[in-house]
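Here are some short exercises to work through with the model open on your screen. Try each task yourself before you read its solution.

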Amino acid sequence: MGLFDKEPLTDAETREQLLWVAQEMLRTNLVEGTAGNCAARLPDGNAVLTPSSLDYLTMTLDDLVVCDMEGNVLDGHRSPTSEKALHITALRDHPEIGATMHCHAKFSTMFALTRTPIPAVIEEFDVFVGGDVDVAEYKTTGTEELAVEVASHVGKKAAVLMANHGLFAVGTNPKDVLHIAALIERTAEIIWGARVLGTVVPLPDAVNQQFSGYYRYGRTGSFD
Ligand SMILES: [Zn+2]
């Protein structure tokens, strides 16, 4: 699954990939315990979400919850994640987004706590993320206000930091969004270390524009 892979997943493939990605999120230390949550758009336009407070490693397809774009639960015997609005709002406001992830990755959260954007100083980062990862304004966890604020930052970019909380990332499908979250976390760690060593030198503006343009073109069909 790559940046420009537009092959749509079936309903069953979407659910299976979402479950695998939620478990990978724990295995790769993007979250601890039952924290974090993921969602994906189904072919019928509804969304499948991870459930609230359930062990990822014993989670099965039956535990996933389907909601419509108003957040009403359509299918599933569990409660959806407490951050349901966060995922639904991003999917509803951005039709090109196919999957979302919220996690508490360690280095990204260090940037979120200090309200420091993660700068796009590596070309690969521009191509996959679309530029600096900015910090969304602080809003209380689980609220509509948080959902609206966070959704306003994604689309032209693949992620935003949630002030005093963590990371929110978007992609075309769950595997894509896992790759983006992992790349951001790796880059946050690299920037943190690089700042210990010395001054991080920005990429030339023209290069930033060119490479972040590739991201926007891949997602929206426009370089702007
Ligand atoms: Zn959280």
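**Exercise 1. A helix pair**

In which hand of crossing, left-handed or right-handed, does α3 pass α6? Then find the residues of α3 and α6 that meet.

Solution. Keep in mind throughout that this is a predicted model.

- Step 1: Pick out helix α3 at residues 106-113 and helix α6 at residues 174-197. Their axes come within 7 Å and cross at roughly 65 degrees.
- Step 2: Judge the hand: α3 passes α6 in a left-handed crossing.
- Step 3: List the partners. On the α3 side they are K106, F107, S108, M110 and F111; on the α6 side they are I184, E185, A188, E189, I191, W192 and R195.
- Step 4: Sort the residues of this contact by class, which gives seven nonpolar, one polar and four charged.

**Exercise 2. The zinc site**

Which residues coordinate the zinc ion, and how are they spaced in sequence?

Solution.

- Step 1: Look for donor atoms around the metal. The zinc ion is coordinated through NE2 of H102, NE2 of H104 and NE2 of H165, at 2.0 Å.
- Step 2: Write out the spacing of these donor residues, which reads H-x1-H-x60-H.
- Step 3: Place H102 and H165 on the chain. H102 belongs to strand β5 (residues 99-103), while H165 sits in the loop between β7 (159-162) and β8 (166-171). The two are 63 residues apart, so this pair links distant parts of the chain.
- Step 4: Check burial, for which the cut-off is under 20% relative accessible area. H102 has 1% and is therefore buried; H165, at 18%, is buried too.

**Exercise 3. Helix α1 by the ruler**

What span should helix α1 have at 1.5 Å a residue, and how far apart are its end C-alpha atoms?

Solution.

- Step 1: Count residues: α1 covers residues 11-27, which is 17 residues.
- Step 2: Work out the expected span, 24 Å, and set it beside the 25 Å between the end C-alpha atoms; the two agree.
- Step 3: Find the buried residues of α1: T14, Q17, L18, L19, V21, A22, Q23, E24, M25 and L26.
- Step 4: Ask what they touch. These buried residues pack against β1 (37-41), β2 (47-49), β5 and α6.
- Step 5: Move past the helix to N29, which follows α1 and has a positive phi, near 65 degrees.

**Exercise 4. A covered helix**

How many of the 10 residues of helix α2 are buried?

Solution.

- Step 1: Go to residues 84-93, where α2 lies.
- Step 2: Mark the buried ones: A85, L86, H87, I88, T89, A90 and L91.
- Step 3: Conclude that seven of the 10 residues are buried, so α2 is mostly covered.

**Exercise 5. Positive phi in two loops**

Where do S53 and N164 lie, and is each one exposed or partly exposed?

Solution.

- Step 1: Recall the background: most residues other than glycine have a negative phi.
- Step 2: Read the angles. Phi is near 45 degrees for S53 and near 55 degrees for N164, and both values are positive.
- Step 3: Locate them. S53 is in the loop between β2 and β3 (65-67), and N164 is in the loop between β7 and β8.
- Step 4: Apply the cut-off for exposed, over 50%. S53 has 60% and is therefore exposed, whereas N164, at 41%, counts as partly exposed.

Notes:
Residues numbered from 1 in each chain as written. Predicted model: local features only at pLDDT ≥ 70, side-chain atom pairs only at ≥ 80, totals over all residues. Heavy atoms only, no water. Axes fitted to C-alpha atoms, helices over the stretch in contact; angles between N-to-C directions. Helix = DSSP H or I, 4+ residues; strand = E, 2+ residues; numbered from the N terminus. Left-handed = near helix turned anticlockwise from the far one by under 90°. Contact = heavy atoms within 4.5 Å. Nonpolar A, V, L, I, M, F, W, Y, C, P; charged D, E, K, R; others polar. Donors = N, O, S within 2.8 Å, 3.2 Å for Na, K, Ca; no water. Buried < 20%, exposed > 50% of the residue type's maximum accessible area, 1.4 Å probe, protein only. Expected span 1.5 Å × (residues − 1).
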